[in-house]
Amino acid sequence: MSSGGAVTDCSCSTKGAVFPIPTVSQKCCIATCATNIMGSTCAYLRLGGQLLLGPSQYKSPVLCANPSTMDDKRNTVVITGFGPFGEHDVNASWVVVKLLSTMNIKEDLGVELLIEEIPVGYECVSSKVPHLWEKHKPLLVIHVGVSSRDNTIVLEGCAHKSGYTKYDIFGLTPPQGQCSLGENTRLENALDLKYISSEVNKANLDVITTVSTDAGRYLCEFIYYTSLSIDASRTLFIHVPPLNKTYSAEKMAACIKTIISVIIKDIYTTKPNSL
């Protein structure tokens, strides 16, 4: 442990206290001020204005940026995959999502992970997805679906309200072929998907990500529009290829974990007051 820096930007009871700066060997998603007056903890660290997620080596004083604990903030990442449909007796999206629960998301990224399998049914989406948002008030919601046409991991950029005429696994379509939420004909993702894709592609994961504006006008796009209508700045839809077409489930899960890391770092950096 090196000598510490003063807590200069914190309204908690430890403001002005000096606490040790963690070394590279320590995980530090949540830092506790050394004096630990009244057990105060600071939700996240910023160094030179940048959020530090996970282990890092600090060379200047650490600023305590927010007085609340992570428990008081949005700290859940919800990730959904779809169940079987059509030729996909085993849906690659759910296989990949389940793997994420074994990949130390909480330890490495400092967030709680909640995974949910969604049946390929319009009514299931319409009832389950708003409930997930309301119950968990997530930091981020990522929907994952399988696409036989894709050879890469695809970040979808938009979704449409209407045009859902393909039958789901229950033989149904939504009333008037429309999503019941939202008013806009088309909703676009508010995240910088090109930046996210570029950062992930630099990570040497042996997986390529691309960006698309055609989510397919089936349950994948329907679920995406549903969540975009709730919060377009905390939502993403990812299409994965069928298992072992181009990538293993493990490689695709590792890629999605990296996508999560890039997005939550951006959210914490740009929206610290809305968490």
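These legends describe close-up views of a predicted model.

**Figure 1. The whole protein, by elements and surface.**
The predicted model holds 6 helices and 13 strands. Buried residues make up 50% of the 275 residues. The accessible surface comes to about 12500 Å². Carbon and sulfur atoms account for 50% of that surface. Among contacts with a separation of 6 or more, 74% join residues 24 or more positions apart.

**Figure 2. The largest nonpolar core and the share held by helix H6.**
The largest nonpolar core has 62 residues. The members that touch the most other members are Phe-82, Ile-153, Ile-196, Leu-236, Ile-238, Ile-259 and Ile-260. Helix H6, residues 249-270, supplies the largest share of this core, with 12 residues.

**Figure 3. Cys-255 in helix H6.**
Cys-255 is found in helix H6. Its relative accessibility is 0%, so Cys-255 counts as buried. Beyond four places in sequence, Cys-255 touches Ile-153, Val-200, Leu-205, Val-207 and Thr-209. One of these contacts is Ile-153, which lies 102 residues from Cys-255 along the chain. The C-alpha atoms of Cys-255 and Ile-153 are separated by 8.2 Å. Ile-153 also appears among the core residues that touch the most other members.

**Figure 4. Helix H5, enclosed along its run.**
Helix H5 covers residues 219-228. Of its 10 residues, 10 are buried, so H5 is largely enclosed by the rest of the structure. The buried set begins with Leu-219, Cys-220, Glu-221, Phe-222 and Ile-223. The set also includes Tyr-224, Tyr-225, Thr-226, Ser-227 and Leu-228. Glu-221, a charged residue by class, is therefore part of a helix that is largely enclosed.

**Figure 5. Ser-227 and its contacts.**
Ser-227 is found in helix H5. The relative accessible area of Ser-227 is 0%, which means that this residue is buried. Leaving out residues up to four places away in sequence, which residues does Ser-227 touch? The contacts are Val-129, Trp-133, Val-141, His-143 and Thr-235. Val-129 and Trp-133 fall within the range of helix H3, 122-136. Val-141 and His-143 fall within the range of strand E8, 140-146.

**Figure 6. The largest pocket and its lining.**
About 300 Å³ of space lies in the largest pocket. Of the 17 residues that line this pocket, the closest to its centre are Phe-85, Val-146, Ser-147, Tyr-218 and Cys-220. Cys-220 is also one of the buried residues of H5. The lining divides into 8 nonpolar, 6 polar and 3 charged residues.

**Figure 7. His-88 in the loop between strand E6 and helix H1.**
Strand E6 spans 76-82, helix H1 spans 92-100, and His-88 lies in the loop between them. Is His-88 buried or exposed? The relative accessible area of His-88 is 10%, under the 20% cut-off, so His-88 is buried. His-88 touches Val-146, Ser-148 and Pro-242, not counting residues up to four places away in sequence. Val-146 is also one of the residues closest to the centre of the largest pocket. His-88 and Leu-243 are 155 residues apart in sequence. Their C-alpha atoms are 10.0 Å apart in space.

**Figure 8. Asn-104 and Lys-137, two loop residues with positive phi.**
Asn-104 is found in the loop between H1 and helix H2, the latter spanning 105-109. Phi of Asn-104 is near 55°, a positive value in a residue other than glycine. The relative accessibility of Asn-104 is 44%, so Asn-104 counts as partly exposed. Lys-137 is found in the loop between helix H3 and strand E8. Lys-137 is not a glycine, yet has a positive phi of about 45°. At 48% relative accessibility, Lys-137 counts as partly exposed.

**Figure 9. Glu-123 in helix H3.**
Glu-123 lies in helix H3, which spans 122-136. The relative accessibility of Glu-123 is 58%, over the 50% cut-off, so Glu-123 counts as exposed. How far apart are the C-alpha atoms of Glu-123 and Pro-174? They are separated by 7.4 Å. Along the chain, Glu-123 and Pro-174 are 51 residues apart.

Technical notes:
Residues numbered from 1 in each chain as written. Predicted model: local features only at pLDDT ≥ 70, side-chain atom pairs only at ≥ 80, totals over all residues. Heavy atoms only, no water. Helix = DSSP H or I, 4+ residues; strand = E, 2+ residues; numbered from the N terminus. Buried < 20%, exposed > 50% of the residue type's maximum accessible area, 1.4 Å probe, protein only. Contact = heavy atoms within 4.5 Å. 1 Å grid on protein atoms, 1.4 Å probe; cavity = no way out; pocket = protein on both sides within 12 Å on 5 of 7 lines; lining within 4 Å. Points joined across faces, edges and corners; volume = space filled by probe spheres on them. Areas by Shrake-Rupley, 256 points an atom, 1.4 Å probe, with all protein chains shown as cover. Core = buried A, V, L, I, M, F, W, Y, C linked by side-chain atoms within 4.5 Å.
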